[in-house]
Amino acid sequence: MNTFGTLFRLTDFGESHGDAIGGVIDGMPSGIQLDLDAIDAFLKRRRPGGRLASPRKEDDKVRFLSGIFEGRTLGTPIAFMIENTDQRSKDYGELRNTYRPNHADYTYEAKYGIRDYRGGGRASARETAVRVVGGALAAQVLGNSGIKVEAYPLQIGMVEIHSMSDMEAAEKAILDAKAGRDTLGGIVGCTVKGVPAGVGEPVFGKLQAMLASAMMSINAAKGFDYGDGFAAAGMRGSESVDAFYVEDGRVHTRSNHSGGIQGGISNGEDITFRVAFKPIATMPRALETVTDELESTELTVGGRHDVCVVPRAVPVVEAMAAMTILDALMIAGKLR
């Protein structure tokens, strides 16, 4: 399961401390004039570095190998790679025989009988840079059809974010957690504007199911809801119904408790959803664990790690949403 999508497909490869990560995109429409600077800007939003993120220094410069000629897509597979330039594999020598709690170390070894212990190998969030390239390309196709995808932080730790002052409080919470040798979780929201009604397949191909599958594939994602989501469980029907009306010859809803999706199919309103992320399991404090020889031990993990995934997860959520919506539009035959 290293390929995402049905008609617009991304197959990605690489490990955190390998020579490179990269991917192949198949199903990209032909003749799209690409803005390579916009792709670089998208990657920059996910890039490590800065006081709130891992100090790992990666330029994340994407090199396209095929599928693009004179700045336009050919409709053939687009292959690309991003070199890993700042690995410190020596930081992970202690993990050769020891499992980090709440990571994929044990489960990968249980599945494959072998694992790359350097930085988590393929289970590392380093892999999400590949998704961002795919999402950046998908977003440009969607933009040509007047569709815009925007993700944003909604909560970091216990701080809900509604304003710039809230964001400052959230940043302080991250720095306080770092000083206390701890980590934080949070919530990323996303809004997709401009999707026409009729996108999404009934029963087992529902649009929200496609989005949920995409979002839950992101590292550290623990929950997904759309529209009112779990809050709807405590509401009355009269409080959550979206009344219809007609304007300019098109059906609209007075409210958007449904999050732009009804019966698994888009209704033309904004699509809204949220993704919950757990606190990062890597922290510089002693944790109880075991070795591959089934011996009990304690582990204090070194290396360079984020304190909270939310700031860098925002462009990843946006990228996965863009690829999902483009794929759904192509399946429905509604890509303009």
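Me: In which strand of this predicted model is Thr289 found?
Reply: The model is predicted. The strand that holds Thr289 spans residues 287-290. Its name is S17.

Me: Is Thr289 buried or exposed, and what is its relative accessible area?
Reply: The cut-off for a buried residue is a relative accessible area under 20%. Thr289 falls under that cut-off, so it counts as buried. Its relative accessible area is 9%.

Me: Which backbone oxygen lies 2.4 Å from a polar atom of the side chain of Thr289?
Reply: Leaving aside neighbours within four places in sequence, Thr289 is in contact with Thr98, Tyr99, Pro101, Glu295, Ser296, Thr297 and Leu299. One of these residues supplies the backbone oxygen that lies 2.4 Å from a polar side-chain atom of Thr289. That residue is Tyr99.

Me: Where is Thr98 found, and is it buried or exposed?
Reply: Thr98 is found in the loop between S7 and H2. Residues up to four places away in sequence not counted, it touches Asp105, Arg115, Thr289, Val290, Thr291, Thr297 and Leu299. Its relative accessible area is 10%, so Thr98 is buried.

Me: What is the phi of Asn102, and where is this residue found?
Reply: Asn102 is found in the loop between strand S7 (78-83) and helix H2 (105-112). With a relative accessible area of 61%, Asn102 is exposed. Most residues other than glycine have a negative phi. Asn102 is not a glycine, yet its phi is positive, at about 65 degrees.

Me: Which residue in the loop between S10 and helix H5 has a positive phi near 70 degrees?
Reply: The loop in question lies between S10 and helix H5 (207-216). The residue there is other than glycine, with phi near 70 degrees. It counts as exposed, at 56% relative accessibility. The residue is Val203.

Me: How many residues are in the largest nonpolar core, and which helix gives the largest share?
Reply: In soluble globular proteins, nonpolar side chains tend to be buried together. The largest nonpolar core here has 69 residues, and those with the most contacts inside it are Met215, Phe273 and Val317. The largest share of this core is 14 residues, and it comes from the helix spanning residues 310-332. That helix is H7.

Me: Which residues is Val317 in contact with, leaving aside its neighbours within four places in sequence?
Reply: Val317 is among the residues with the most contacts inside the largest nonpolar core, together with Met215 and Phe273. Both Met215 and Phe273 are also in contact with Val317 itself. The full list is Ala151, Val188, Cys190, Met215, Ile218, Phe273, Val275 and Phe277.

Me: What is the order of strands in the open sheet of five strands, and which are the edge strands?
Reply: The pairing in this open sheet is antiparallel, and the order is S9-S8-S10-S16-S11. An edge strand pairs on one side only. The edge strands are S9 (159-160) and S11.

Me: How many bridges join S10 to S16, and how many join S11 to S16?
Reply: Strand S10 (residues 186-193) runs antiparallel to S16, and Gly189 stands opposite Arg274 in S16. Strand S11 (residues 221-226) is also antiparallel to S16, with Gly223 partnered by Ala276 and Ala221 by Phe277. Seven bridges join S10 to S16, and five join S11 to S16.

Me: How many residues of strand S16 are buried?
Reply: Strand S16 covers residues 271-277 and has seven residues. The strand is mostly covered. The number buried is five.

Me: Why is the protein chain called as compact as a globular protein of its length?
Reply: The protein chain has seven helices and 18 strands. For 336 residues the globule rule gives 20 Å, and the radius of gyration is close to that value, so the chain is as compact as a globular protein of that length. The radius of gyration is 21 Å.

Me: What share of the residues in the protein chain is buried?
Reply: The accessible surface of the chain comes to about 16400 Å², with 53% belonging to carbon and sulfur atoms. Buried residues are counted against the 336 residues in the chain. Their share is 45%.

Key: Residues numbered from 1 in each chain as written. Predicted model: local features only at pLDDT ≥ 70, side-chain atom pairs only at ≥ 80, totals over all residues. Heavy atoms only, no water. Core = buried A, V, L, I, M, F, W, Y, C linked by side-chain atoms within 4.5 Å. Buried < 20%, exposed > 50% of the residue type's maximum accessible area, 1.4 Å probe, protein only. Helix = DSSP H or I, 4+ residues; strand = E, 2+ residues; numbered from the N terminus. Contact = heavy atoms within 4.5 Å. Pairing = 2+ DSSP bridges. Rg over C-alpha atoms; globule rule 2.2 N^0.38 Å. Areas by Shrake-Rupley, 256 points an atom, 1.4 Å probe, with all protein chains shown as cover. Polar contact = N/O pair within 3.5 Å; in protein donor to acceptor, adjacent residues only side chain to side chain.
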